[in-house]
Amino acid sequence: MQIKEKMKVFQKFAIDVANTESDAMIREYQESCEKELEEFRKNKQTELEHKFQIEEAKIRRQVNRKVSKEVLRQKRILDHCKREWKEKLIEQVKILLEEYQKTEAYKDYLTAKIEMARKVAGKEAVTIYINPSDADKKEELEHKTKMELTVSSMDFGGGIRAVIRSRNILIDESFMTKLEQEETYL
């Protein structure tokens with residue numbers, strides 16, 4: 001072999017070794033780049049998921065605040081409507097009670113309540129009060145029930161109140177008290 005041939009063989013061998021080493025280095029570099037790219041993608045994906053969760057939580061808090069404000073506003077409106085309805089209802093009941101107090105049924109009611117107070121008292125002394133607006137019915141009620149009645153100095157809206165002092169008992173069958181009790185249930 002001549003020098004030129006040896007040179008060609010050496011050159012070919014050197015180029016083959018260089019190509020092999022170059023291919024290995026390129027593969028190694030590609031693998032490294034692919035690993036870095038995959039890591040970068042994973043980090044970005046994790047970062048995006050974290051940002052998404054933060055934004056989602058922020059939006060949920062905003063929505064919850066708005067919902068809470070709206071619920072509170074609706075409750076206020078409902079409470080206001082309930083108060084208005086309650087006031088109108090009580091006024092209507094008072095009007096109906098005034099009309100009822102002008103009927104014979106009201107006199108029968110008073111008679112029944114006076115009789116009930118007498119039964120509760122038994123043989124003990126009882127003071128039975130009627131409303132000042134019922135003063136005109138006093139004589140008729142006393143005649144029917146054979147009980148002495150007292151016209152109260154306080155207006156209690158109708159009905160009767162009776163006191164049995166010996167046993168410290170107050171029988172309150174007044175319309176004002178009954179209305180107050182009903183208002184607490186409305």
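In helix α4 of this predicted model, which comprises residues 175-185, the buried residues are F175, T177 and L179. The buried residues of α4 pack against two helices, α1 and α2, and against two strands, β3 and β4. Helix α4 is also the element in which confidence is lowest in the chain, with a mean pLDDT of 86. Confidence is highest in strand β1 (residues 127-130), where the mean is 94. Over the chain, the mean pLDDT is 91, and 99% of the residues reach 70 or more. Where pLDDT is low, predicted coordinates should not be read in detail.

The packing of α4 against α1 was examined further. Helix α1 spans residues 3-100. The axes of α1 and α4 lie 12 Å apart, at an angle of about 155 degrees. Because this angle is over 145 degrees, α1 is roughly antiparallel to α4. The two helices, α1 and α4, cross in a right-handed sense. On the side of α1, the contact is made by K86, I90, V93, K94, L97 and Y100, and on the side of α4 by F175, L179 and E183. By class, six residues of this contact are nonpolar and three are charged, with no polar residue. Two of the α4 residues in the contact, F175 and L179, belong to the buried set of that helix.

A second helix pair is formed by α2 (residues 104-121) and α3 (residues 138-145), whose axes are 10 Å apart and make an angle of about 50 degrees. The helices α2 and α3 are therefore oblique to each other. The crossing of α2 and α3 is right-handed. Helix α2 contributes K107, D108, L110, T111, I114, E115 and R118 to the contact, and helix α3 contributes E140, L141, K144 and T145. By class, the contact of α2 with α3 holds six charged, three nonpolar and two polar residues.

Within this second pair, K144 of helix α3 was considered individually. With a relative accessibility of 38%, K144 counts as partly exposed. Apart from neighbours within four places in sequence, K144 is in contact with D108 and T111, both of which are among the α2 residues of the helix contact. The C-alpha atoms of K144 and T111 are 7.3 Å apart, although 33 residues separate the two along the chain.

Residue L37 provides a view of the extent of the model along α1. L37 is part of helix α1 and is partly exposed, its relative accessible area being 40%. Between the C-alpha atoms of L37 and F175 the separation is 86 Å, for two residues that are 138 places apart along the chain.

Two loop residues are buried. The first to be described, Q101, lies in the loop between α1 and α2. Its relative accessible area is 12%, and Q101 is therefore classed as buried. Leaving aside neighbours within four places in sequence, the contacts of Q101 are with Y106, K137, G157, G158 and F175. One of these partners, F175, also takes part in the contact between α1 and α4. The other buried residue, S152, is placed in the loop between β2 and β3. S152 has a relative accessibility of 13% and so counts as buried. Outside its neighbours within four places in sequence, S152 is in contact with Y129, I130 and P132. Of these partners, Y129 and I130 fall within strand β1 (residues 127-130).

Positive phi angles in residues other than glycine were found at K146 and N168. In K146, phi is about 60 degrees. K146 occupies the loop between α3 and β2 (149-151) and, at 64% relative accessibility, is exposed. In N168, phi is near 55 degrees. N168 belongs to the loop between β3 (159-164) and β4 (169-174), the two strands against which the buried residues of α4 pack. With a relative accessible area of 72%, N168 is likewise exposed.

Conventions. Residues are numbered from 1 along each chain as its sequence is written. This is a predicted model: local features need pLDDT of at least 70, side-chain atom pairs count only at pLDDT 80 or more; totals for chains, interfaces and linings use all residues. Side-chain values use heavy atoms; hydrogens and water are left out. Axes are lines fitted to C-alpha atoms, for helices over the stretch in contact, and angles run from 0 to 180 degrees between N-to-C directions. Helices (H or I, at least four residues) and strands (E, at least two) are DSSP runs, numbered from the N terminus. Angles under 35 degrees count as roughly parallel, over 145 as roughly antiparallel, 65 to 115 as roughly perpendicular and the rest as oblique. A crossing is left-handed if the near helix is turned anticlockwise from the far one by less than a right angle, and right-handed if clockwise. Contact means heavy atoms within 4.5 Å. Ala, Val, Leu, Ile, Met, Phe, Trp, Tyr, Cys and Pro count as nonpolar, Asp, Glu, Lys and Arg as charged, and the others, Gly among them, as polar. Buried means under 20% relative accessible area, exposed over 50%, partly exposed in between (1.4 Å probe, protein chains only). pLDDT is the predictor's confidence in each residue, from 0 to 100.
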